[in-house]
Amino acid sequence: KMVLKGRIAERLKEIFQGIAERYEFEIDSMEVMEDHVHVFLSAPPRYAPAEIVQIMKSISAKILFQEFPQVKEQLWGGELWNDGYFV
């Protein structure tokens, strides 16, 4: 669904930046669309690509659902992120 817009999209960018700082990721570029996100980043070699995706998705979903409870109500099944990703 098209839920990543306006203040939610801006907050998502802030959340991703915060996660990147905390885990020593370096975000090269990021674009938040209404229904998906593109993030190009580099990370220390101690993190597997799947682990990076899990960190980014789980933390961001938790924070967005806490700050914007109406988002969870709009989503089918109450999940923000799809299982898939591209590396």
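Contact here means heavy atoms within 4.5 Å. The model is predicted: local features need pLDDT of at least 70, side-chain atom pairs count only at pLDDT 80 or more, and totals for chains, interfaces and linings use all residues. Residues are numbered from 1 along each chain as its sequence is written, and side-chain values use heavy atoms, with hydrogens and water left out.

**Exercise 1. A residue in helix 1**

State where A20 lies, whether A20 is buried or exposed, and which residues A20 touches, not counting residues up to four places away in sequence.

Solution.
1. A20 lies in helix 1. Helices (H or I, at least four residues) and strands (E, at least two) are DSSP runs, numbered from the N terminus.
2. The relative accessibility of A20 is 3%, so A20 counts as buried. Buried means under 20% relative accessible area, exposed over 50%, and partly exposed in between, with a 1.4 Å probe and protein chains only.
3. With residues up to four places away in sequence not counted, A20 touches F25 and I27.
4. A further C-alpha distance links A20 with I55: the two atoms are separated by 9.7 Å, and the residues are 35 apart along the chain.

**Exercise 2. Two helices**

Compare the span of helix 1 with its expected value, do likewise for helix 2, and list what covers the buried residues of helix 1 and of helix 2.

Solution.
1. The expected span of a helix is 1.5 Å times one less than its number of residues.
2. Helix 1 covers residues 7-23, 17 residues, and reaches 24 Å from its first C-alpha to its last, close to the 24 Å expected.
3. Helix 2 has 19 residues and reaches 27 Å between its first and last C-alpha, close to the expected 27 Å.
4. In helix 1 the buried residues are I8, A9, R11, L12, I15, F16, I19, A20 and Y23. Their cover includes strand 1 (26-32), strand 2 (37-42), helix 2 (49-67) and helix 3 (69-74).
5. The buried residues of helix 2 include I52, V53, I55, M56, K57 and I59. Helix 1, strand 2 and helix 3 are among what covers the buried residues of helix 2.
6. As background, an α-helix has 3.6 residues a turn, so residues three or four places apart point the same way.

**Exercise 3. The core**

How many residues does the largest nonpolar core have, and which of them have the most contacts inside it?

Solution.
1. A nonpolar core is a set of buried Ala, Val, Leu, Ile, Met, Phe, Trp, Tyr and Cys residues joined through side-chain atoms within 4.5 Å.
2. The largest one has 26 residues, and L4, I19, F25, V71 and L80 have the most contacts inside it.
3. Helix 1, strand 1 and helix 2 each supply at least two residues of this core. Helix 1 gives the most, 8 residues.
4. V71 touches V3, I8, F65 and L80, when residues up to four places away in sequence are not counted.

**Exercise 4. Aromatic pairs**

How many aromatic pairs does a search of the whole structure find? Describe the geometry of the F16 and W81 pair.

Solution.
1. Rings of Phe, Tyr and Trp (its six-membered ring) pair if their centres lie within 6.5 Å; planes under 30 degrees apart count as stacked, over 60 as edge-to-face and the rest as tilted.
2. The search finds 4 aromatic pairs.
3. F16 and W81 are stacked, at 6.3 Å centre to centre and 20 degrees between the planes.
4. F16 lies in helix 1 and W81 in the segment after helix 3, so the pair ties together parts that are 65 residues apart in sequence. Both F16 and W81 are buried.
5. The ring centres of Y23 and F25 are 5.8 Å apart and their planes are at 25 degrees, so this pair is stacked.
6. Y23 is buried, with a relative accessible area of 18%, and F25 is buried, with 7%.
7. Y23, F25 and Y47 form one aromatic cluster.

**Exercise 5. The residue after helix 1**

Which sign does the phi of E24 have, and is E24 buried or exposed?

Solution.
1. E24 follows helix 1 and is placed in the loop between helix 1 and strand 1.
2. Its phi is positive, about 65 degrees, although E24 is not a glycine. Most residues other than glycine have a negative phi.
3. E24 has 53% relative accessibility and therefore counts as exposed.
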